[in-house]
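Visitor: Please take me through one helix of this model, up close. Then show me how the chains relate.

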Protein chains: 2
Amino acid sequence: MLRDDIATSDGLTFYDLETPCLLLDRSKVQSNIARLRAHLAPFDVVLRPHLKTAKSIDVARLAMTSPSGPAMVSTLKEADYFARNGVTDLIYGVGISPAKFETVAAIERTHGAKVAILIDCLAQAHALAEWSQQANHSLDVFIEIDCDGHRSGVAPDNRVMLEAIGQMVSRSACNLRGVLTHAGESYSLHDADTLAGAAERERCAVVLAANTLRAIGLQSPHVSIGSTPTAHFTRNLDGVTEVRAGVFMFGDLFQAGVGVLQPQDIAVSVLATVIGHRQSPDRIIVDAGWMAMSRDRSTQNQAIDQAYGLVCDLDGAILHDVLLLETNQEHGSIGIRQGSHRTLPDLAIGQRVRILPNHACATCAQHDSYQVCDAGQAIIATWPRISGW
Amino acid sequence: MLRDDIATSDGLTFYDLETPCLLLDRSKVQSNIARLRAHLAPFDVVLRPHLKTAKSIDVARLAMTSPSGPAMVSTLKEADYFARNGVTDLIYGVGISPAKFETVAAIERTHGAKVAILIDCLAQAHALAEWSQQANHSLDVFIEIDCDGHRSGVAPDNRVMLEAIGQMVSRSACNLRGVLTHAGESYSLHDADTLAGAAERERCAVVLAANTLRAIGLQSPHVSIGSTPTAHFTRNLDGVTEVRAGVFMFGDLFQAGVGVLQPQDIAVSVLATVIGHRQSPDRIIVDAGWMAMSRDRSTQNQAIDQAYGLVCDLDGAILHDVLLLETNQEHGSIGIRQGSHRTLPDLAIGQRVRILPNHACATCAQHDSYQVCDAGQAIIATWPRISGW
């Protein structure tokens, strides 16, 4: 079935797009957001969506509680982009180097936004205090807490360090907003009780740190936790003021492996066209390689390894055990999961499929826009996305 | 050592750049190109550089034998970009779907270029013949040959299929340019004799296919082989008219593992800034995570696993056994290679390092420009690069 054989509606459909490209199912995004909001509704917390996955103001507006935020970003380029689009309550969620203070201040001045920064050591606090005085600019500051030995942050029981950093910030011209942590280790879990345990440890760590600061008279009005897995499985948020999550909006095969959502809930997929066939082993070659999917193989160490992606038909129905088994830069090879008795679908040169990704953050980063659909194959919008630093 | 402590020259240096960013050492690019040219000089072949790694006209001009090519591309967006910049002899090196014929023709008409396409089945040949007549446009065609069961192409001894495709193209309005193959399996090798063997099998496969076409009176003026490993280790190119290679211009840790070049020859690196430290395990946290490096871990299955990258000082000197061991989206954790008795360098918040990548094609794709240096830390140019499809 070649392109000319496909009936098209008045508007654009999947067969009008150049491939490979990134499809985004808006109704699934909305459902994923609604599900997390419903889970958090019983708690007295704000949802601060992390925009590092979407990098799109159109997606951000679906996820944020107001057009001005709050929201989280992973680069200062995101901060600038979202601030320019009216998001005024931002946190830059990566520990900062002093060379970036002035960039943050410039974004704040230009767009009338606040871009809070993270610090976790005295060298940063000292450099910040000095810079702040010289620049005559006050930045909002969170102290990052390491709740699970995962990456960055002050150990929650390191009272001496917490007090020293807190005091240095509070004596400077800057504004200590509170404490923040990220339960990165939760990504390796996969059942509800264990995930609830990780969420509780995340909560305890950051509440302990906030209380340490309060005990010496420092304010910590914001107590922020967040990871997509813990946000979905938390059962207690006492003492927490906000919850952050990012990849939940789209979902991916890795998050499905964790148990956050089902594969059919995944909102993002790569549209690919059949460009060849191969016998022994039996493969369908498509024009989505690792450049379109990313080199992410996050599911490799999960119970179900989804190779480079799980193949769906154009309506989004999963073709069970049909995987993107191998990739080169612009070639993808579709085959059957090892051990499965299913057979490959009959897909001719020119036919198209959708491929669900391992990791939405990595796959979306390979593309400069979303082709937005809803139920059905009509394109209802094209949403640009940003990249870089 | 924070940024303010660094002496800067009159021009931009590494400490004036926003991090993470992509550094390109022009003199190393030139050396890598000169090395392959010298190896191929005794043979009567043309070097057709593959521009999928560089995606930059500035780099292309260093590698091509003339401003108009020849060259190879991996996407039609590259074809359009390079044609617009005067490269008129191009091959689109991925098997084509019929929906792309018109895009190729539009690039040819707009820029006065030739963008040859690859086909390997009768469905493509048939669709091409039909389209060509309707569009009144002749495309140049290569028949892709599968020399090592790697991915795409007609088996070189499948005489019936080769003849049928060749005859269908020659009866159409299109122009059969020749046969082309890519020794993809050579990437898994690592010694000179075995690589020379792979190169010889690649040569034999494509020469056999060319002779099969000639035996029934079809022209095959171009006989094209190419992969970075086989191009560097070939000892015999009888019957071959052109050699293609792409990643050789930059090199990477994977190609160093194959033996194509030494790690110190690698021309591309990611500049990163220290943003934190961690005890137990001992780590230096930098602002280059997998978004800046890509998720590529190609060296994982080689004799020397280089994790997410090998760390160098700002002069490009390799810090032996200092690796980017773990990455998150915007965090990288530098530590010591397992089993090594070396210790981490003393790098304070704000200091910078260069990180050599596993796979130049994947890492460069995460960035929208090259900050070009030479020996030394001065930035001598910024070269844009393209992405997408």
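**Helix α3 and its surroundings**

Guide: Just after α3(B), G86(B) has a positive phi of about 95 degrees. Helices (H or I, at least four residues) and strands (E, at least two) are DSSP runs, numbered from the N terminus. This is a predicted model: local features need pLDDT of at least 70, side-chain atom pairs count only at pLDDT 80 or more, and totals for chains, interfaces and linings use all residues; side-chain values use heavy atoms, without hydrogens and water. Residues count from 1 along each chain as written, while chains are lettered from A and ligands numbered from 1 in written order.

Now the helix itself. In chain B, α3 covers residues 76-84, and its buried residues (under 20% relative accessible area, 1.4 Å probe, protein chains only) are L76(B), E78(B), A79(B), Y81(B), F82(B) and A83(B). These pack against α2, β3, β4, α4, β5 and β17 of chain B. Contact means heavy atoms within 4.5 Å.

Take α4 in chain A. The axes of α3(A) and α4(A), lines fitted to C-alpha atoms over the stretch in contact, come within 10 Å and cross at roughly 5 degrees. That makes the two helices roughly parallel (under 35 degrees). L76(A), A79(A), D80(A), A83(A) and R84(A) meet T103(A), V104(A), I107(A) and H111(A). These residues divide into five nonpolar, two polar and two charged.

Finally, the chains. Chain B lies on chain A with an RMSD of 0.0 Å after a turn of 180 degrees and a shift of 0.0 Å along the axis (least squares on C-alpha atoms of residues with pLDDT of at least 70 in both). The copies are thus related as by a two-fold rotation axis. In chain B, R295(B) comes closest to that axis, at 2.5 Å (C-alpha).

Terms used:
Buried < 20%, exposed > 50% of the residue type's maximum accessible area, 1.4 Å probe, protein only. Axes fitted to C-alpha atoms, helices over the stretch in contact; angles between N-to-C directions. Parallel < 35°, antiparallel > 145°, perpendicular 65-115°, else oblique. Nonpolar A, V, L, I, M, F, W, Y, C, P; charged D, E, K, R; others polar.
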